[in-house]
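Biologist: I have a model on my screen and a pile of labels I'd like to understand. Can you walk me through what earns each of them?

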Amino acid sequence: MIRRTGETPQPGQSYTPRPGVYAILPLQRRFLMTLEMAQDTEVQLPGGGIEAGESPLQALHREVLEETGWRIARPRRLGAFRRFTYMKDYDLWAQKICHIYVAHPVRQIAAPTEPHHATMVLSASEALATLANEGDRLFLQRHLR
């Protein structure tokens with residue numbers, strides 16, 4: 001069973017499985033992060049949902065590029081967690097199955113193309129203090145050991 005983080009599922013609520021991929025991106029003793037500025041402003045690991053017909057690695061490269069404008073290399077899977085949440089943008093109660101990778105940022109080739117997203121570079125302590133979800137913090141802490 002994949003570890004659950006965050007809020008407990010609401011009894012009687014149906015949740016749609018939503019697999020996604022997310023990246024820890026070390027950059028010279030700091031970390032590339034995404035700032036999502038929608039209804040709620042959140043610092044997140046770059047990443048997102050895996051689209052139909054897409055492999056997890058294809059999704060990881062696409063999502064990191066869309067959210068940060070960076071190309072990445074040598075992704076390595078660290079593990080996964082799941083969390084239950086309401087996704088406002090999709091009007092969807094989701095069981096997010098979050099596969100976490102560490103990868104090397106190669107170079108920035110564009111600005112983020114994902115609406116309401118900006119790239120941030122944070123120290124480990126800044127990232128741990130501001131990441132929006134417990135699962136992201138857990139994997140970043142494990143990576144730092």
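## What earns each label

Modeller: Happy to, and keep in mind that this is a predicted model. Let's start with strand β6, which is mostly covered, with 12 of its 17 residues buried.

Biologist: What makes β5 and β6 a pair?

Modeller: Two strands need at least two bridges between them to count as paired. β5 and β6 have 15 bridges, in the antiparallel sense, so the label holds. One of the bridges puts Arg-77 across from Tyr-101 in β6. The two strands also form a hairpin with 4 residues between them, and Asp-91 in the turn has a positive phi of about 50°.

Biologist: And β1 with β6, in which sense do they pair?

Modeller: In the parallel sense, over 9 bridges. The cut-off is at least two, so β1 and β6 count as paired too. Here Ala-23 stands opposite Tyr-101 in β6.

Biologist: What about β2 and β3, how many bridges do they have?

Modeller: They have 4, and the sense is antiparallel. Glu-36 stands opposite Glu-42 in β3. β2 and β3 form a hairpin as well, with 3 residues between them.

Biologist: On to the rings. Why is the pair of Tyr-15 and Phe-84 called edge-to-face?

Modeller: Ring centres have to lie within 6.5 Å to make a pair, and planes over 60 degrees apart count as edge-to-face. The centres of Tyr-15 and Phe-84 are 5.0 Å apart and the planes are at 80°, so the pair is edge-to-face. Tyr-15 lies in the segment before β1 and Phe-84 in strand β5, so the pair ties together parts that are 69 residues apart in sequence.

Biologist: How do you know that Tyr-15 and Phe-84 are buried?

Modeller: Buried means under 20% relative accessible area. Tyr-15 has 15% and Phe-84 has 13%, so both get the label.

Biologist: What kind of pair do Tyr-15 and Trp-93 form?

Modeller: Edge-to-face again, with 5.9 Å from centre to centre and 90° between the planes. That pair links distant parts of the chain: Tyr-15 in the segment before β1 and Trp-93 in strand β6, 78 residues apart. Tyr-15, Phe-84, Tyr-86 and Trp-93 form one aromatic cluster, and the structure holds 4 aromatic pairs.

Biologist: Is Trp-93 buried or partly exposed?

Modeller: Partly exposed, because its relative accessibility is 28% and the buried label stops at 20%.

Biologist: What makes you say that the charged end of Arg-18 sits over the ring of Tyr-90?

Modeller: The distance limit is 6 Å from the ring centre, and the charged end of Arg-18 is 4.8 Å from the centre of the Tyr-90 ring. Arg-142 does the like with Phe-139, lying over the face at 5.0 Å from the ring centre.

Biologist: Phe-139 is in helix α3, then. Which residues of α3 are buried?

Modeller: Gly-135, Asp-136, Leu-138, Phe-139 and Leu-140. The buried residues of α3 pack against β1, β2, β3, β5, β6 and α2. At the N-terminal end, Asn-133 is the cap: one of its side-chain oxygens lies 3.0 Å from the backbone nitrogen of Gly-135. The limit for a polar contact is 3.5 Å, so that distance qualifies.

Biologist: Which residues touch the most other members of the largest nonpolar core?

Modeller: Ile-24, Met-33, Leu-45, Ile-100 and Leu-140, out of 18 residues in that core. β1, β2, β6, α2 and α3 each supply at least two of its residues. Another core, of 13 residues, lies apart from it, and its members include Ala-23, Leu-25, Tyr-101 and Ala-103.

Biologist: Last one: why is Ala-118 called partly exposed?

Modeller: Partly exposed runs between 20% and 50%. Ala-118, in strand β7, has a relative accessible area of 23%, so partly exposed is the right label. Leaving aside neighbours within four places in sequence, Ala-118 is in contact with Met-33, Thr-34, Leu-35, Met-37, Glu-67 and Pro-112.

Technical notes: Residues numbered from 1 in each chain as written. Predicted model: local features only at pLDDT ≥ 70, side-chain atom pairs only at ≥ 80, totals over all residues. Heavy atoms only, no water. Buried < 20%, exposed > 50% of the residue type's maximum accessible area, 1.4 Å probe, protein only. Contact = heavy atoms within 4.5 Å. Phe/Tyr/Trp six-rings, centres within 6.5 Å; stacked < 30°, edge-to-face > 60°. Lys NZ or Arg CZ within 6 Å of the ring centre and 35° of its normal. Polar contact = N/O pair within 3.5 Å; in protein donor to acceptor, adjacent residues only side chain to side chain. Core = buried A, V, L, I, M, F, W, Y, C linked by side-chain atoms within 4.5 Å.
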